[in-house]
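Work through the exercises below with the sequence and the model side by side. Try each task before reading its solution.

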Amino acid sequence: MASLALAACQPVCKEQFPMTSLPDPMLMNNGRHADNLEKWAERRLEIAQLIEQNEIGTIPEIDKSKISPRMVGDTLFVDIFENCDTLTLKTVINYPAEGEAPYPLMIGTSHLSLPGAIIASRQLATLTYNERQVNGYSQFRGNLDRTTYGFIKLYPELIDNGAYSEWVWGFRRIVDALEILGPEVTKIDTKHIGVTGCSYAGKMALFCGAFDDRIALTIAQEPGGGGAASWRVSHTLSEVEDLDRTDYHWFMESMRENFHGDSVYMLPHDHHELCAMVCPRALLVLGNTDFKWLADESAYVSVNAAKRVWDEYGIGDRIGYSIVGGHPHCMLPESQYPEVEAFIDKFLFEKDVNTDSIAIAPDFKGITDLDQWIKY
């Protein structure tokens, strides 16, 4: 897998800032257009560097020789050695009652928020990625001493990181472990791994899927501001999670310092590009318009802006969205089951399913002006 480690970005005057519309995700640092998937792979690394540099901090690479995984029954243990210290991740793999191994796998960030009925009706293994084994500074823990967290013990120089960089790092170690042990030990098909989560864990799922190109399917459920939603678009909306009103345990404090208020238009990227990093793999974004804080209008703009990348390469069926209200937060209604099932069946089981027209947002479609934001 290509490294996404933070590198020094070359200063290239490719676009004029401040920019009130969304930056062109396919415009490379050298000023050229990423007009094929080979060039897009290069551009994806450039976007990753911008997000690490400006939002979340460095996601360190680690040699697989420093990762020692083992299975005890159905429990996966991952020992990670760095800087004379060790961090152990632990999770249980839940296997389907029927079918033959190796199984496709759905990883739930923090917990598996998708309805059990969708999982149980398929020969799909699951596991929960417990991000608190890496660090604990989510909105549920408060501003505790970061030096107590496992990641910082391994990387004390990265104490100013945002949580999402560290959670991505831990998630990638789980996938490393599955690859190292192989399907004979884990019973997992590592070519068909999905990730999903809801709310702050929906952001986590999106970051994990964007930064790990081994993930075949990313389902970001109600990820809110800092997830699929564009920082620029959210800045124009009221009562939503935007760059000035998000949890700065999750993001680097320097993002607020550098891009607060109208300075958001100086940000050299935006979250339509975080979404686009999933390309050429599959992405489904789920929203809930009953909760204004989630900034779903902004996500609607952002996902449509990101879709231009998939469309450029003739694979527009690999991205979709379903943004509807009428249900509690993180409780997927049955009306949204078909979209989720279609993406799981097509991209984890390789079934012949039509996902071309999964673009559902009755509150915004034909109402929100996409041309105001998307000019490429």
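The exercises cover the sheet, the backbone and the aromatic rings.

The model is predicted, so local features need pLDDT of at least 70 and side-chain atom pairs count only at pLDDT 80 or more, while totals for chains, interfaces and linings use all residues. Residues are numbered from 1 along each chain as its sequence is written, and side-chain values use heavy atoms, with hydrogens and water left out.

**Exercise 1. Find the order of the strands in the open sheet, and the strands that stand at its edges.**

Step 1. Helices (H or I, at least four residues) and strands (E, at least two) are DSSP runs, numbered from the N terminus. Two strands pair if DSSP finds at least two bridges between them.

Step 2. The open sheet has 10 strands, in the order β1-β2-β3-β5-β4-β6-β7-β8-β9-β10, with mixed pairing. The edges are β1 (67-72) and β10 (359-360); each has a single partner strand, so one side of each lacks a neighbour in the sheet.

Step 3. Take one pair: β4 (residues 103-109) and β5 (residues 125-129) run parallel and are joined by 5 bridges. Within this pair, I107 has L127 of β5 as its bridge partner.

Step 4. Now add helices, counting a contact when heavy atoms are within 4.5 Å. Helix α4 (residues 163-181) packs on the sheet and touches β1, β2 (75-82), β3 (85-94), β4, β5 and β6 (188-198). Its direction makes about 115° with that of β2, where axes are lines fitted to C-alpha atoms, for helices over the stretch in contact, and angles run from 0 to 180 degrees between N-to-C directions. Helix α10 (residues 296-312) also packs on the sheet, touching β8 (282-287) and β9 (319-323), at about 165° to the direction of β9.

**Exercise 2. Locate the cis peptide bonds at P102 and P280, then the positive phi angles of E239 and E350.**

Step 1. A101 and P102 are joined by a cis peptide bond with omega of about 5°; P102 is in the loop between β3 and β4.

Step 2. The bond from C279 to P280 is also cis, with omega near 15°, and P280 lies in the loop between α9 (271-276) and β8.

Step 3. E239, though not a glycine, has a positive phi of about 60°. Its loop runs between α7 (231-235) and α8 (253-259). E239 is exposed at 54% relative accessibility (buried means under 20% relative accessible area, exposed over 50%, partly exposed in between; 1.4 Å probe, protein chains only).

Step 4. E350, not a glycine either, has a positive phi of about 55°. The loop between α11 (337-347) and β10 holds E350, which is exposed at 59%.

**Exercise 3. Classify the ring pairs W40 with Y313 and F207 with F211.**

Step 1. Rings of Phe, Tyr and Trp (its six-membered ring) pair if their centres lie within 6.5 Å; planes under 30 degrees apart are stacked, over 60 edge-to-face, and the rest tilted. The structure holds 19 such pairs.

Step 2. W40 and Y313 have ring centres 6.3 Å apart and planes at 45°, so this pair is tilted. W40 is in helix α1 (residues 37-56) and Y313 in the loop between α10 and β9, so the pair ties together parts 273 residues apart in sequence. W40 is buried at 1% relative accessibility, and Y313 is buried at 14%.

Step 3. F207 and F211 are stacked, at 6.5 Å centre to centre and 20° between the planes. They are 4 residues apart in helix α6 (residues 200-211), about one helical turn.
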